[in-house]
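The following exercises are to be worked with the sequence and the coordinates at hand. Each task is followed by a solution in steps.

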Amino acid sequence: MSTHPHLHRDDPKDYLHCEYGIRSWLFTTDHKRIAILYLVSITLMFFVGGAFATLVRLELITPQSDLLQPETYNRMFTMHGIVMVWFFLIPSIPAVLGNFLIPMMVGARDLAFPRINLLSWWLFTASGVFVLITIFIGGVDTGWTFYTPFSTFYSNSYAVAAALAIFINGFSTILTGLNFIVTVHTMRAPGMTWLRLPLFVWSNYATAVIMVLATPVLAITLLLVGIERVFRVGIFDPALGGDPILFQHLFWFYSHPAVYIMILPGMGVVSELVTAFSRKRIFGYHFVAFASMAIALFGFLVWGHHLFVSGQSLYAGLVFSLLSYLVAVPSAIKVFNWTATLYKGSVLLATPMLYALAFIGLFTMGGLTGLFVAALGVDVHVHDTYFVVAHFHYIMVGGMVTAYMGGLHFWWPKISGRMYPEGWAKIAAGLIFFGFNLTFFPQFVLGYLGMPRRYATYPPEFQVWNVLSTAGASILAVGYVVPLFYLFWSMRYGKIAPRNPWRASGLEWEEADSPPIKHNFEEVPTVTKEAYHYHEGVRLG
Amino acid sequence: MPRLASPRTFLKVFIALLALTALTTGAAFVPLGPFNDAVALLIAASKATLVVLFFMNVRYSSRLTWAFAVAGFCWLAVLLGLSATDFFTRHWIPSPSAFPWR
């Protein structure tokens, strides 16, 4: 046994050591263990999706199609999109960090429905198996967007199998969202009022609302694709009397809010990191909290900006363009408030903070280029070019994946009970930042010059930018593999983590051990202070 | 725990759903032109409301549950309403082929 009062590595009560055996993991209802199950699952899927991206980037080193046939290339970028969106990005922060932290942050012993939480992971696993089967039998070539009538008639690939995998995956998302909403409403500790909730909880609550309201529409849409493809019932195919643009409306009604499912939890992580490593309460708590809800709401009103050149009415395009600019307002509120929090803060540039600062810059670039593509005229020029690819990767990778990495490092001592090696972590963060920008900044140039996305070949004058992009991708890949090794290493050899190594505020740091006991707290905490009470001092142990 | 509807109420709702199904089938044979779709959708919406209120027990649940149920319908209205901005205005501007002299 450790002699230090807060070092519980060998304490049999901590959640990692309270039970042993594979069954104790696969059938656990402990939110922390389920978070670990998700961590393992989505890490696997991240590297599967990354393998497809690697093949795409390797093919694009040369202008001609030499490594992959065009048909194979189409399958590669499609599977990359499907795996990364539904099997990594959407579950990443909510299902891993959210599952682990939300009950602790609100002062609860678990989520409201622990068994449904386990069911959610099993559904995710089942859908993951389906998508892996789809890959092994030949994949799908429709793009991750499944546009009709290609997906319902012309495509000679396994569109129904992929749609089925996503259909099942959707139920996992809905159940996670439902669990978060009920937990935040009904399981808060005494004194934990709505306006004392950490901003991570606010952002995940907003995300959960989107998950519950948007995901069923995707399920219905994919079901309709399956019905049309298998039974030839005319819904989207004009040859059968259907409307292909109807598919795009339904698909983007889900998929644009899904972008906010991917970015809002990242914003929550950054709010936590910026305050903890500036040692200051957040600037404008209320504005940051309500900005999350505003983004969730406005995110549902803008989907038509994906349809500007699809044949959608010009008048609808005007409405959607105008509404799209609305989203910039709450997003900018967050960026300004994080920056204002840094002002005169006692800033510590530890690895999680490096990721947070990277997020602020990269997300801002992704967001501002989003304004370009929300403009009707500019979008005609850059639609379906690499400009769009660069834009959404700045949000999803530069934003969400960076925030996920920052959050994973920040809460790693709480999750594993061990510290990660700071030097290696900083090297990896630097590689990721440099590799990311070298990969995707050239794509802005390529897109603006007119290189379309989703082609295996391109004119020779674009080669230099593509070589730069592929070089960046190889650095980025190293940047992502290095943490895999040192985080594994730290689980056995890392320095034992104290209860609150970052001197951060929040119930998970101040009231729970590292790693926490099975039911999080020895007794239910009573909250008497606002979130981020750095000006009043924090409890270290 | 919120209270449940009585078995008698469940039975009445069930019979109402069956009657509305029969009405849907019957209405399909009446030539109403474009209103056939409208009538079918109206009946379907009534059936959905009955299911939500009684079988999903929203009728006897808290105001918070009501708020979430209403939110679902609001979001459906957003989906239909904003999609309609496209469908109802798509033909306002003729395609360039309508002006061959340009």
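**Exercise 1. Determine whether the end-to-end distance of helix α7 of chain A agrees with its number of residues.**

Solution. The model is a predicted one. Step one: helix α7 of chain A covers residues 199-231, which are 33 residues. Step two: the expected span is 1.5 Å times one less than the number of residues, and for α7(A) this gives 48 Å. Step three: the C-alpha atoms at the two ends of α7(A) lie 47 Å apart, in agreement with the expected span.

**Exercise 2. Locate the kink in α7(A) and describe what follows the helix.**

Solution. Step one: the axis of α7(A) has a kink of about 30° at Ala214(A). Step two: a proline, Pro216(A), comes shortly after this position. Step three: just after α7(A), Arg232(A) adopts a positive phi of about 55°.

**Exercise 3. Is α7(A) largely enclosed or largely open?**

Solution. Step one: a residue is buried if 20 or more other C-beta atoms lie within 10 Å of its own. Step two: 25 of the 33 residues of α7(A) are buried, and the helix is therefore largely enclosed by the rest of the structure.

**Exercise 4. Identify where cis peptide bonds occur at Pro149(A) and Pro515(A).**

Solution. Step one: most peptide bonds are trans. Step two: Thr148(A) and Pro149(A) are joined by a cis bond with omega of about 0°; Pro149(A) belongs to the loop between α4 (114-137) and α5 (150-154) of chain A. Step three: the bond from Ser514(A) to Pro515(A) is also cis, with omega near -10°, and Pro515(A) is found in the segment after α16 (507-510) of chain A.

**Exercise 5. Classify the exposure of Asp384(A) and Arg454(A), two residues with positive phi.**

Solution. Step one: Asp384(A) has phi near 60° and sits in the loop between α12 (376-382) and α13 (386-416) of chain A. Because 13 C-beta neighbours lie inside 10 Å, Asp384(A) is partly exposed. Step two: Arg454(A) has phi near 65° and is placed in the loop between α14 (422-449) and α15 (463-493) of chain A. Arg454(A) has 15 other C-beta atoms within 10 Å, so Arg454(A) is partly exposed.

**Exercise 6. Summarise the secondary structure and burial of chain B.**

Solution. Step one: chain B contains three helices and zero strands, in the order α-α-α along the sequence. Step two: of its 102 residues, 5% are buried. Step three: among contacts in chain B between residues at least 6 apart in sequence, 56% link residues at least 24 apart.

Key
Residues are numbered from 1 along each chain as its sequence is written. Chains are lettered from A and ligands numbered from 1 in the order in which they are written. This is a predicted model: local features need pLDDT of at least 70, side-chain atom pairs count only at pLDDT 80 or more; totals for chains, interfaces and linings use all residues. Helices (H or I, at least four residues) and strands (E, at least two) are DSSP runs, numbered from the N terminus. The bend at a residue is the angle between axes fitted to the seven residues ending there and the seven starting there. A residue is buried if 20 or more other C-beta atoms lie within 10 Å of its own, exposed if 12 or fewer, and partly exposed in between; C-beta atoms are placed from the backbone. Two residues are in contact if their C-beta atoms, placed from the backbone, lie within 7 Å.
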